[in-house]
Amino acid sequence: MSDLPAIGLGTWQNTDPETCAQSVQTALESGYRHIDTAQYYGNEEAVGEGIARADVPRDEVFVGSKVHAEKFGLAHDEVIEGLEVTLDRLNLDYLDLLYVHWPVGNYDAAETMPAFDELVDRDLIDHVGVCNFGVDLLDEAMDHLESPLFAHQAETHPLLQQDELVGHAQDNGYHHIAYSPLARGNVFDISEITEIAEKHDVSASQVSLAWLLARENVSAVPKATSEEHIRDNFAATDLELDAEDIETIRDIERTERYVSRDGAPWLEA
């Protein structure tokens, strides 16, 4: 697999233009090399501004965005148009990674995925990804791609461990990227995690992220806006949990989803 930074900056709900641009700049100048956005987030211009402000060469920054059925549609020509608009908003010549945000609306693997191949052939994107797919949909997407699937992004955290999806990524050699990796802040209330955090004198955020990163083929895109939280999350890359810590979190007997599955019946409850 191609290299992907272990931790990226998520930007969902980061819609104030100055706050968003500043958080992206802060993240890049703090060591992050992966920035995640989407058409649906409404912040691509601000993300692009943050990338431009940061004293980091473009070729060192891995930038991902997502095309969304409600914004442009997912028919072949709509995907092409959507990517061109995204590049204009980000003020970039190419994307490192473009995803199908959700397989909804007029998504059709036989039409949508070849458009991604065309964008790769035109050097407008380097890699192809999908988000919020189930295993059957992942298999179907790969069947209609000439390019290798590079990544699947899904809600993943200690309360939604996604063993089937992570296993599929491991078996098929692509990245599983965890969004909402802190369970929308709910990891702070999990006793197993807070006790491990006290043991290592680190934050619960770092423990949750380090647990994810210890899994093969898994990376994470926690969202943050303050410099304190941006740096705290990134410090998880230096935290090595021991086998007991990993097993303790693995054995948490709760399964909770914090992203709505309405209109997405293929997602497990």
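Reader: Which hand does the crossing of α3 and α4 have?
Author: In this predicted model, the crossing of α3 and α4 is right-handed, a term for the near helix being turned clockwise from the far one by less than a right angle, with anticlockwise being left-handed.

Reader: At what angle do α3 and α4 pack, and how far apart are their axes?
Author: Helix α3 (residues 76-90) and helix α4 (residues 109-121) pack at about 45°, their axes being 8 Å apart, and the pair is therefore oblique (neither under 35 degrees, over 145, nor 65 to 115). Axes are lines fitted to C-alpha atoms over the stretch in contact, with angles from 0 to 180 degrees between N-to-C directions, and helices are DSSP runs of H or I with at least four residues, numbered from the N terminus.

Reader: Which residues of α3 and α4 make the contact?
Author: H76, V79, I80 and L83 come from α3, while α4 brings E111, T112, P114, A115, F116, E118 and L119, contact meaning heavy atoms within 4.5 Å.

Reader: Switching over, how do α1 and α2 pack?
Author: Helix α1 (residues 17-29) packs on helix α2 (residues 44-53) at about 40°, with axes 7 Å apart, and α1 passes α2 in a right-handed crossing.

Reader: And which residues of α2 are in that contact?
Author: On α2 they are A46, V47, E49, G50, I51 and R53, facing α1 residues that include P17, C20 and L28.

Reader: Anything on numbering and confidence?
Author: Residues count from 1 along each chain as its sequence is written. Local features need pLDDT of at least 70, side-chain atom pairs count only at pLDDT 80 or more, totals for chains, interfaces and linings use all residues, and side-chain values use heavy atoms, leaving out hydrogens and water.

Note on methods:
Helices (H or I, at least four residues) and strands (E, at least two) are DSSP runs, numbered from the N terminus.
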